[in-house]
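Visitor: Hello! I am new to protein structures and would like to learn how to read one. Could you walk me through it, feature by feature?

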Amino acid sequence: MRIIAFSNQKGGVAKTTSSYAMAVGLSKRGYKVLVVDADPQENLSMTAGIDLNEVDPDPEDIEALTPEQREYFEKNVPAKLFEVMAGDKDINKAIIPIAENLDLIVGGIDLASADMTFSMLGREKLIKEAFSKIKKEYDFCIFDCSPALGVVLMNILTVADEVIIPLEPGAFSLQGLSRLYKFIGQIHDFTNDKLKVDGILVTKVRNTANAKIWINDIEEKAELLKTSVYKSKIRLNVSVEEAQTMKMDLFEYAGGSSAARDYDDFIDEFLGEE
């Protein structure tokens with residue numbers, strides 16, 4: 001299983017969109033894919049059509065259940081990544097099939113409190129230990145990471161093979177990039193020496209003179225950081241938001257859109273195809 005983390009400590013750069021598009025695109029190419037929504041905002045899960053009121057309800061709603069309803073909930077509702085990390089649930093109970101060749105794990109809103117919850121020794125290997133049970137069942141695992149440089153990202157990078165960094169060309173696009181690279185370097189040195197940055201994916205590209213300047217800045221920064229920028233660029237397209245609103249993947253909703261074509265090109269580039 002090849003494990004890829006989409007990460008950037010800056011929000012609004014299309015991490016979720018890119019994670020889900022890559023997962024769907026790979027599954028449509030016949031690969032068996034697991035996508036993990038590791039952001040407590042749970043936007044990827046919502047885009048995939050998951051009813052979070054059912055899967056990740058408020059604690060007050062659970063407390064209001066009758067004993068019979070609570071027993072049903074415990075037996076039938078999928079586990080969340082947070083519960084797996086806590087050792088309360090098995091990883092196999094968290095897997096939700098959402099399409100052919102494509103499964104999903106919901107992170108859970110409790111991931112927002114992970115830094116306070118997980119303070120034990122070895123806390124950086126909680127996900128790695130859980131995922132060792134399923135590593136032979138998938139070709140790819142895609143993590144949609146939250147912007148926080150905390151214990152959840154530490155866990156993901158400890159198990160991941162590579163990181164893809166989405167960046168929107170803008171005045172603040174490079175903000176925090178060096179800090180993220182330092183964090184990745186620390187994980188490489190102390191918990192995962194196979195970890196590498198595969199590349200920077202430029203997203204939300206507009207056809208403007210400023211965008212070209214900012215993309216040039218990104219390429220210069222990438223050279224300084226000794227990494228590469230994917231040749232494929234993802235153009236800004238209204239179909240992305242429309243697909244998310246309709247709770248459909250981009251390829252199903254608007255397969256002929258510029259964004260869908262760009263993500264197809266990116267996946268082909270990632271796989272090393274012509």
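Visitor: Let me start with one residue: is Leu52 buried or exposed?

Guide: Before we look, please keep in mind that this is a predicted model. To judge burial, we ask how much of a residue is accessible, and under 20% relative accessible area counts as buried. Leu52 has 13% relative accessibility, so Leu52 counts as buried.

Visitor: Where is Leu52 found, and which residues does Leu52 touch?

Guide: Leu52 belongs to helix H3, which covers residues 52–55. If we skip residues up to four places away in sequence, Leu52 touches Glu42, Ser45, Met46, Pro57 and Val106. You can also compare sequence with space: Leu52 and Ile109 are 57 residues apart in sequence, while their C-alpha atoms are 9.8 Å apart.

Visitor: Let me try the same reading on Ser239. Is Ser239 buried or exposed?

Guide: Ser239 counts as buried, because its relative accessibility is 10%. You will find Ser239 in helix H12, residues 238–245. Leaving out neighbours within four places in sequence, Ser239 is in contact with Leu250, Tyr253, Ala254 and Ser257.

Visitor: Now the sheet. In what order do the strands stand?

Guide: Reading a sheet means going from strand to strand, across it. Here seven strands form an open sheet, in the order E3-E4-E2-E5-E1-E6-E7, with mixed pairing. Strand E3 (96–99) and strand E7 (196–202) are at the edges; each has a single partner strand, so one side of each has no neighbour in the sheet. From one strand to the next, the twist averages 25 degrees.

Visitor: In which sense do E2 and E5 pair, and in which sense do E3 and E4?

Guide: This is a nice place to see mixed pairing. Strand E2 (residues 33–38) pairs with strand E5 (residues 140–145) in the parallel sense, over six bridges. In that pairing, Leu34 has Cys141 in E5 as its bridge partner. E3 and E4, on the other hand, pair in the antiparallel sense, over three bridges. There, Pro97 has Asp103 in E4 as its bridge partner. The hairpin of E3 and E4 has two residues between the strands, and Asn101 in this hairpin takes a positive phi near 70 degrees.

Visitor: Which helix lies across E5, and at about what angle does this helix run?

Guide: That is helix H1, residues 15–28, which runs at about 165 degrees to E5. H1 lies across E5 and other strands too, including E1 (2–6), E4 (102–106) and E6 (162–167).

Visitor: You mentioned Cys141. How many disulfides does a search of the whole structure find?

Guide: The search finds zero. For a disulfide, two cysteine sulfur atoms have to be within 2.5 Å. The cysteine sulfur closest to that of Cys141 is in Cys145, 9.9 Å away, which is too far for a bond. As for burial, Cys141 counts as buried because its relative accessibility is 0%, and Cys145 is buried too, with a relative accessible area of 1%.

Visitor: How many residues does the largest nonpolar core have?

Guide: The largest nonpolar core has 52 residues. Among those with the most contacts inside this core are Leu81, Phe131, Phe143 and Ile200. Helix H9 (residues 151–159) gives the largest share, seven residues. Apart from this core lies another, of 35 residues, with Ala14, Met22, Phe140 and Tyr230 among them.

Visitor: Which residues does Leu81 touch?

Guide: Not counting residues up to four places away in sequence, Leu81 touches several residues, including Val36, Ile105, Leu111 and Phe131.

Visitor: Last topic: rings. What describes a pair of aromatic rings?

Guide: We give the distance of the centres and the angle of the planes. A search of the whole structure finds six aromatic pairs. Tyr31 and Phe140 form an edge-to-face pair, 5.2 Å centre to centre with 85 degrees between the planes. This pair links distant parts of the chain: Tyr31 is in the loop between H1 and E2, Phe140 is in strand E5, and they are 109 residues apart. Tyr31 counts as partly exposed at 27% relative accessibility, whereas Phe140 is buried at 5%. Another pair, Phe82 and Phe118, is tilted: 5.4 Å centre to centre, 45 degrees between the planes.

Visitor: Which residues do ring pairs link into a cluster?

Guide: The cluster is made of Tyr31, Phe140, Tyr230, Phe266 and Phe270.

Conventions
Residues numbered from 1 in each chain as written. Predicted model: local features only at pLDDT ≥ 70, side-chain atom pairs only at ≥ 80, totals over all residues. Heavy atoms only, no water. Pairing = 2+ DSSP bridges. Helix = DSSP H or I, 4+ residues; strand = E, 2+ residues; numbered from the N terminus. Axes fitted to C-alpha atoms, helices over the stretch in contact; angles between N-to-C directions. Contact = heavy atoms within 4.5 Å. Buried < 20%, exposed > 50% of the residue type's maximum accessible area, 1.4 Å probe, protein only. Core = buried A, V, L, I, M, F, W, Y, C linked by side-chain atoms within 4.5 Å. Phe/Tyr/Trp six-rings, centres within 6.5 Å; stacked < 30°, edge-to-face > 60°.
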